[in-house]
Amino acid sequence: MNVLKILGILLINLVCAATGAYYALKTKDRCETARQLIQMADMMSVELSFSADHSRKIINRLRKEKSLSKLGFLNDIDLENIDIKTGLDPADDEKVNMLFRNLGSTDVSSMLKIINSFKESISASLKGYTEYSKSHSRLFVAFGILGGLAVSIVLI
């Protein structure tokens, strides 16, 4: 076998394994995004509990929070046309959209109830994402490696 063929096979194996690892990390990212959404809701509750500040002020405070790094939508949010994509399931994206649509449109006690409901819902989703990540992360990596080996065998 020539050197180029060996390098090609190694490259294919590496790409397949990296693809499997990518999908495994993507499932873990969903868990982290859900955790940060829960943390964001906690921060919103605190802000509303102490003062009924304008919703833009709350969002500006959230933007500055370094621990919410996965929530890039906070930097681009348009309160007139809310269409947030978090990288989670569409149902969870809709929950986030509803939260921001209701922000500032009702009294503080009602808003706190909405935030608590949002937290419970995202917590349930987080549990599902965590279980999926635990059960599938290793499979993604294994299928990546096995896929690379299968292609290598076909090429040999």
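Which helix gives the most residues to the lining of the largest pocket? In this predicted model, the answer is helix 1, which spans residues 3-50 and contributes 6 residues. The space in this pocket comes to about 170 Å³. Its lining consists of Y23, K26, T27, D29, R30, T33, K70, T86, G87, L88 and F140. By type, the lining divides into 3 nonpolar, 4 polar and 4 charged residues.

Aromatic contacts were examined next. A pair of aromatic rings is described by the distance of the centres and the angle of the planes. The whole structure holds 2 aromatic pairs. One joins Y22 and Y23 in an edge-to-face arrangement, at 5.2 Å centre to centre and with 75° between the planes. Y23 also belongs to the lining of the largest pocket. Y22 has a relative accessibility of 46% and counts as partly exposed. Y23 is partly exposed as well, at 40%.

F73 and F100 form another pair, with ring centres 5.8 Å apart. Their planes meet at 85°, so this pair is edge-to-face. The contact links distant parts of the chain, since F73 sits in helix 3 (residues 73-76) and F100 in helix 4 (residues 90-102). The two residues are 27 residues apart. F73 is buried, with a relative accessible area of 10%. F100 is buried too, at 1%.

Charged contacts complete the picture. Side chains of opposite charge can pair when their charged atoms come close. The model contains 8 salt bridges. One of them connects E32 and R35, with an N to O distance of 3.6 Å. Both residues lie in helix 1, 3 residues apart, and so are separated by about one helical turn. E32 is partly exposed, with a relative accessible area of 29%. R35 counts as partly exposed at 40%.

A salt bridge also joins the side chains of D42 and K119, at 2.4 Å from N to O. D42 lies in helix 1 and K119 in helix 5 (residues 108-155), so the bridge ties together parts that are 77 residues apart in sequence. D42 is partly exposed, with 33% relative accessibility.

Helix 4 holds a further bridge, between K95 and D92. The closest N and O atoms of K95 and D92 are 3.1 Å apart. The partners are 3 residues apart, so about one helical turn separates them. How do they stand in accessibility, buried or partly exposed? K95 is partly exposed at 27% relative accessibility, whereas D92 is buried at 2%.

Definitions and conventions: Residues numbered from 1 in each chain as written. Predicted model: local features only at pLDDT ≥ 70, side-chain atom pairs only at ≥ 80, totals over all residues. Heavy atoms only, no water. 1 Å grid on protein atoms, 1.4 Å probe; cavity = no way out; pocket = protein on both sides within 12 Å on 5 of 7 lines; lining within 4 Å. Points joined across faces, edges and corners; volume = space filled by probe spheres on them. Helix = DSSP H or I, 4+ residues; strand = E, 2+ residues; numbered from the N terminus. Nonpolar A, V, L, I, M, F, W, Y, C, P; charged D, E, K, R; others polar. Phe/Tyr/Trp six-rings, centres within 6.5 Å; stacked < 30°, edge-to-face > 60°. Buried < 20%, exposed > 50% of the residue type's maximum accessible area, 1.4 Å probe, protein only. Salt bridge = Lys/Arg side-chain N within 4 Å of Asp/Glu carboxyl O.
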